[in-house]
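User: Please take a close look at the largest cavity in this structure and describe what surrounds it. Some context on chain B would also be welcome.

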Amino acid sequence: MRRGFVLIAVLVVIAAAIFVATGAIFAARAASVSARAADLERRLRDAALDGVALAADRLAAQRLALLQGGAPDGEELLTAVPDGPRQIEVRLVPQWDGRPFASESAKLDASVLDHAAIDALVDGAADVSRELLESVLARRPVDSVDALVALADGGDAGIDTEAALEAALGPARLLGDERDENDEGAGAAGASLAPPLIALMTAHGAEPLVDDLGVSRLDLVDAFNESAAGGAAEASLELFDDAEREALQALVKDRNRRKDDGAIVTALVGRGVGLGRVDEILNECTTEPGSHGIPRVDIVRADVRVLAAIEGIGTDAAARIVDLRDTLEDEERRGTSWLVSRRVLSLEDYAAVAGRITHRSALWRFRVESRIVAADERSAALEPEPASVYAFDCIVDVSRAEPRIAYLRDVALLPTARAIARLMRQASGEGERASAPTEAETSALTEEAVPEVADTMFRPTPGFRAPRFDLPTVDATIAAPPSRERTAPIGRDIAAPTSSLPSSSSPRR
Amino acid sequence: MNACRAHRRRGFSLLEAMVGVAIAVALLSALALFTTNLGDTRARLARLSREIECTEALFTALERGCATAVVASPSLGSGVSGDATTLRFVRAAVGLGNDGRPAFSGESEVSIAFDTSGRRISIVRGTLADTLSAPVRRMRIRYLAERGWEDSFDSGAEQSFPVGIEVALWFDRGEAIDDAVRDDPDADALPLSEPPPDRRRFFRCTGGPKADPLAIRSILDEGDGAVSGGEDRR
């Protein structure tokens with residue numbers, strides 16, 4: 001009897017000790033995993049930022065080729081950083097068209113968006129795309145179009161956030177495992193699927209006023225005015241022959257004429273100047289002041305929907321441009337006048353759109369993603385690291401000698417935000433049949449809905465309120481800029497789009 | 001037989017008893033010392049761990065802010081603004097919708113502030129505030145602009161980023177620790193009122209004015225007297 005009691009007491013003590021030890025081990029393990037995950041995130045973020053700098057340098061190295069109408073090339077893999085038995089790979093993520101870099105000039109700028117353009121852009125797309133574009137139209141000016149979903153008025157209207165996200169970003173813009181699951185969407189070039197809105201619209205379409213060598217274009221208005229006043233601009237005008245100079249001077253002096261690239265085309269062609277020479281002059285001259293001009297669309301790379309959205313081109317001409325642009329000679333690629341010589345547009349129609357189109361892009365978008373991978377087969381067999389990926393969306397402007405990071409956005413939380421949105425949508429569905437989900441329901445929902453991010457995702461508490469998409473609206477009326485008002489680029493390092501910029505009226509040569 | 005019983009009842013000799021007592025005292029003393037040291041070590045480890053965690057949280061917020069800040073946001077104001085004890089970033093990042101901003105929003109707001117009365121650093125993300133647990137005696141934030149060190153900066157007013165931001169921390173470890181710092185031969189050259197910071201780091205702003213790294217290091221050396229360059233110091 002007494003022995004049995006002692007034996008049971010000993011067993012209880014041993015069991016309690018095992019229980020305490022196990023708890024301590026798990027607590028220590030959890031702390032260790034948490035610390036490792038935080039450290040890994042920091043390393044991945046540093047690597048991704050290095051990748052942004054490397055990608056910007058790669059674009060800068062190809063600057064002249066880009067300014068002459070080329071497209072950036074290079075491997076997707078930017079760098080691989082050894083990390084113990086594994087390595088951190090930093091890659092460029094393919095854009096919607098499957099290429100690592102996407103031209104921002106191949107998209108329609110949000111500042112010129114109107115209802116007709118929306119009709120063209122959403123051709124073949126889901127209805128939610130139209131809602132998103134209408135919300136952008138109502139909230140201009142916008143700094144970026146990456147947050148399209150946040151701009152949508154979906155709080156009370158019950159917009160499907162998942163569908164909005166897909167329409168805005170597309171599967172190619174998701175991250176990591178989510179993207180892998182939807183890889184058939186990436187690189188499909190939109191053959192059968194409508195491209196996401198981020199592939200069709202931008203807030204960074206302002207045209208850098210530099211020529212194909214990166215030199216500031218000659219401001220014709222300032223040059224002729226200075227020349228008339230005996231200024232130093234006389235030398236700059238020597239690049240024109242007499243007929244060209246007379247035509248351009250008449251244009252500049254006529255206060256009643258709108259002064260843009262179209263007016264230059266009309267003035268020069270009216271004096272018998274050839275289209276090839278017109279391309280050269282458009283490349284080197286402008287009637288707009290400042291470093292950037294009104295947004296233009298790169299007709300060599302733009303989607304047919306974007307081309308159709310340009311006022312004055314239309315659906316038929318857009319389709320013909322897409323058919324012809326792969327057959328152009330090198331000489332034709334140096335300008336946009338092939339629209340006339342290839343009989344896509346009449347001269348009058350071309351003059352009407354010449355100020356809104358271009359043949360090149362100086363702003364390129366890319367996404368840099370860093371993730372940890374096995375360096376070899378041996379390290380592949382090791383215990384896996386916490387699944388994680390870090391990514392930045394970036395737009396680099398190479399119109400200046402030093403590449404300018406016009407846009408840089410941390411998108412590492414995109415999967416988490418998506419998971420929360422999905423959770424909230426499901427929770428709101430639950431709320432229709434009950435006043436509010438219980439904590440147990442919410443927990444179950446969390447685990448069921450987003451198992452892939454269950455370790456890191458934000459878990460709503462009972463007091464948590466679902467996010468509402470109810471940004472205050474701003475005046476939707478955007479006045480057309482007067483011909484001599486400066487157009488400033490938009491970027492993370494440029495605070496005020498209407499700020500004064502240095503004049504480019506100094507002599508070119 | 002009686003002699004044998006008498007021998008069994010005799011017990012320990014005085015010598016044996018004294019040796020036993022001495023051994024017991026020694027063991028108890030060792031145990032007390034060990035327990036005391038263990039407690040001190042645990043307290044020190046806990047304090048260091050807390051300091052490291054708080055510093056990492058602070059530095060992570062600063063790294064993220066400096067990497068993706070904007071000069072100014074139409075809705076949220078200046079992207080980098082602050083003074084010697086407060087700092088506010090508006091950065092481009094995917095919003096989760098739990099900070100008072102819409103989900104998937106393009107920008108988020110992060111504020112860092114040092115409460116001198118409470119001796120704590122707080123990090124506020126939108127409407128969510130975290131107060132770091134480690135007590136801090138002092139925090140100093142400086143901004144390296146193109147014209148040199150500044151005690152305050154506003155990117156919206158300047159229309160540009162600073163070259164970088166330096167944050168220095170002096171943890172509140174009580175008098176004993178401060179005395180230990182003053183006893184440090186490396187700190188002899190410093191005035192007693194300004195011991196070297198426990199942690200210090202310089203954060204470059206992505207897209208800030210271009211600056212030669214060697215020039216930055218030189219400026220850092222000048223700005224902090226005997227304290228070595230832009231390295232993090234524990």
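Analyst: The largest cavity in this predicted model has a volume of about 140 Å³. A search of the whole structure finds four cavities of 30 Å³ or more. Lining the largest cavity are 15 residues, and those closest to its centre are R217(A), L282(A), N283(A), T358(A) and H359(A).

The lining can next be described by its secondary structure. Two elements, helix 11 (275–284) and strand 11 (357–358), both of chain A, give two or more residues each to the lining of the largest cavity. Helix 11 of chain A supplies three residues, the largest share of that lining.

The chemical character of the lining can be described as well. Seven of the lining residues of the largest cavity are charged, five are polar and three are nonpolar.

Turning to chain B, its secondary structure consists of five helices and 12 strands. The chain has 234 residues, and 41% of them are buried; here, buried means that under 20% of the relative accessible area remains. Chain B exposes about 12400 Å², of which 56% is supplied by carbon and sulfur atoms.

The contacts within chain B can also be sorted by distance along the sequence. Among contacts with a separation of 6 or more, 62% are between residues 24 or more positions apart.

Methods:
Residues are numbered from 1 along each chain as its sequence is written. Chains are lettered from A and ligands numbered from 1 in the order in which they are written. This is a predicted model: local features need pLDDT of at least 70, side-chain atom pairs count only at pLDDT 80 or more; totals for chains, interfaces and linings use all residues. Side-chain values use heavy atoms; hydrogens and water are left out. Helices (H or I, at least four residues) and strands (E, at least two) are DSSP runs, numbered from the N terminus. Buried means under 20% relative accessible area, exposed over 50%, partly exposed in between (1.4 Å probe, protein chains only). Contact means heavy atoms within 4.5 Å. Accessible areas come from the Shrake-Rupley method with a 1.4 Å probe; for residues, only the protein chains shown count as cover. On a 1 Å grid over the protein atoms alone, a cavity is a set of points where a 1.4 Å probe fits but cannot get out, and a pocket is an open set with protein on both sides within 12 Å along at least five of seven lines; lining residues have an atom within 4 Å of a point. Grid points are joined across faces, edges and corners, and a volume is the space filled by probe spheres set on the points. Ala, Val, Leu, Ile, Met, Phe, Trp, Tyr, Cys and Pro count as nonpolar, Asp, Glu, Lys and Arg as charged, and the others, Gly among them, as polar.
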